[in-house]
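Dear colleague,

I am handing over the structure below, and after it you will find an account of what came out of it. Please keep it open beside this email while you read, since the text moves from one part to another.

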Amino acid sequence: MKTKTILSTLLIALLLAACGGQATPSEPTPDVAAVRTSAASTVIAQFTLTAAAFTPTVSTDEPTEPPVLLDETATATPEEIVQASTGTDEGLCDVLSYDPLTVDVNIPDNTVMTPGQDFIKTWRVKNDGTCPWGAGYVLAFTGTGDDMDGQFIALTEVVQPGQEVEVSVQFKAPAETGVYVSTWTMRNPQGFTFPAAIYVKIIVQ
């Protein structure tokens with residue numbers, strides 16, 4: 001009886017020893033919160049390094065050259081350019097305009113004249129400024145073409161802004177045959193010459 005008990009005890013001990021030798025120790029369970037914290041710290045560190053690498057450097061040095069300005073006369077009207085060149089305010093209110101269809105009251109372009117012929121050329125123009133044309137306002141030869149001994153016939157009335165008027169010059173055709181052009185413009189008492197010009201063109205033969 002004792003022998004069976006001893007054998008049984010030994011068998012149980014051997015079985016327990018065999019199970020204990022084959023048992024695989026369990027691995028510790030990872031701490032999920034710790035893993036997430038570590039990953040977040042790594043991402044933040046990478047963003048910080050990237051921002052430091054691309055941070056722009058702000059210069060406080062003053063520019064060595066002034067900014068380039070556009071030419072102010074590029075879009076200026078002929079009236080503005082001429083008025084600016086005078087350096088004064090004289091004539092800023094004086095503007096002459098005309099309708100190309102009605103400007104020639106008589107002596108149309110290419111009118112045939114005999115050598116030395118006297119004639120009067122008349123134009124219809126408009127006071128397109130803000131100053132009335134009165135005493136001292138004259139038609140003056142611009143220097144372009146031939147003056148043909150032109151003499152302005154003085155105005156007989158004051159021409160108000162917005163009003164049309166006929167202005168005339170007494171001419172004498174040149175003695176030589178050919179084509180002649182004489183260009184004239186209005187001038188005020190201060191010597192300001194209006195930008196717009198009018199002309200007469202004749203053929204002497």
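In this predicted model, strand S5 and strand S6, the latter covering residues 164-172, pair in the antiparallel sense over 3 bridges. Within that pairing, Gln151 stands opposite Gln170 in S6. Strands of a sheet pair through backbone hydrogen bonds, and the pairing can be either parallel or antiparallel.

S5 and S6 belong to an open sheet of 4 strands, which runs in the order S1-S3-S6-S5 with antiparallel pairing. At its edges are strand S1 (96-97) and strand S5 (151-153), each of which pairs on one side only.

Strand S8 is a good next stop, and a question to keep in mind is which side chains along S8 are buried and which are not. Along residues 198-204 the side chains alternate, with Ile198, Val200, Ile202 and Val204 pointing to one face, where they are buried, while Tyr199, Lys201 and Ile203 point to the other face and are not buried. S8 has pairing partners of its own: with strand S2 (residues 111-113) the pairing is parallel over 3 bridges, and Met113 stands opposite Val204 in S8. With strand S7 (residues 178-187), by contrast, S8 pairs in the antiparallel sense over 7 bridges, and there Val179 has Ile203 of S8 as its bridge partner.

From the strands we can turn to the core. The largest nonpolar core has 28 residues, and those that touch the most other members are Phe119, Trp123, Trp133, Leu139, Val167 and Ile202. S3, S6, S7 and S8 are the elements that give two or more residues to this core. If you look at Phe119 with residues up to four places away in sequence left aside, you will find that Phe119 touches Ile107, Met113, Met148, Val169, Gln170, Phe171, Lys172, Ala173, Val200 and Ile202. As background, nonpolar side chains tend to be buried together in soluble globular proteins.

Charged pairs come next, and the count of salt bridges is 3. Side chains of opposite charge can pair when their charged atoms come close. In one of these salt bridges Lys121 meets Asp104, with the closest N and O atoms 2.8 Å apart. This pair links distant parts of the chain, since Lys121 is in strand S3 (residues 118-127) and Asp104 is in the loop between S1 and S2, 17 residues apart. Are these two residues buried or partly exposed? Lys121 has a relative accessible area of 0% and is therefore buried, whereas Asp104, at 32%, is partly exposed.

Another salt bridge joins the side chains of Lys172 and Asp118, at 3.8 Å from N to O. Because Lys172 lies in strand S6 and Asp118 in strand S3, this pair ties together parts that are 54 residues apart in sequence. Lys172 counts as partly exposed, with a relative accessibility of 37%.

Glu166 and Arg124 also form a salt bridge, in which the closest N and O atoms are 3.0 Å apart. Here too distant parts of the chain are linked, with Glu166 in strand S6 and Arg124 in strand S3, 42 residues apart. Glu166 is partly exposed at a relative accessible area of 43%, and Arg124 is likewise partly exposed at 28%.

There is also 1 disulfide in the model, formed by Cys93 and Cys131, whose sulfur atoms are 1.6 Å apart. The link of Cys93 and Cys131 is left-handed, with -105° about the S-S bond. Since Cys93 lies in the loop between helix H3 (78-86) and S1, and Cys131 in the loop between S3 and strand S4 (138-145), the pair ties together parts that are 38 residues apart in sequence. Cys93 counts as buried at 19% relative accessibility, while Cys131, at 21%, is partly exposed; the cut-off for buried is under 20%.

Finally, a word on confidence. The protein chain averages a pLDDT of 73, and 56% of the residues score at least 70. Over residues 16-30 the pLDDT stays under 50, and the model has 0 contacts for this stretch beyond four places in sequence. Residues 62-90 also have a pLDDT below 50, although this stretch has 15 contacts in the model beyond near neighbours in sequence. Where pLDDT is low, the predicted coordinates should not be read in detail.

With best wishes

Notes. Residues are numbered from 1 along each chain as its sequence is written. This is a predicted model: local features need pLDDT of at least 70, side-chain atom pairs count only at pLDDT 80 or more; totals for chains, interfaces and linings use all residues. Side-chain values use heavy atoms; hydrogens and water are left out. Buried means under 20% relative accessible area, exposed over 50%, partly exposed in between (1.4 Å probe, protein chains only). Two strands pair if DSSP finds at least two bridges between them. pLDDT is the predictor's confidence in each residue, from 0 to 100. Contact means heavy atoms within 4.5 Å. A salt bridge is a side-chain nitrogen of Lys or Arg within 4 Å of a carboxyl oxygen of Asp or Glu. A disulfide is a pair of cysteine sulfur atoms within 2.5 Å. A nonpolar core is a set of buried Ala, Val, Leu, Ile, Met, Phe, Trp, Tyr and Cys residues joined through side-chain atoms within 4.5 Å.
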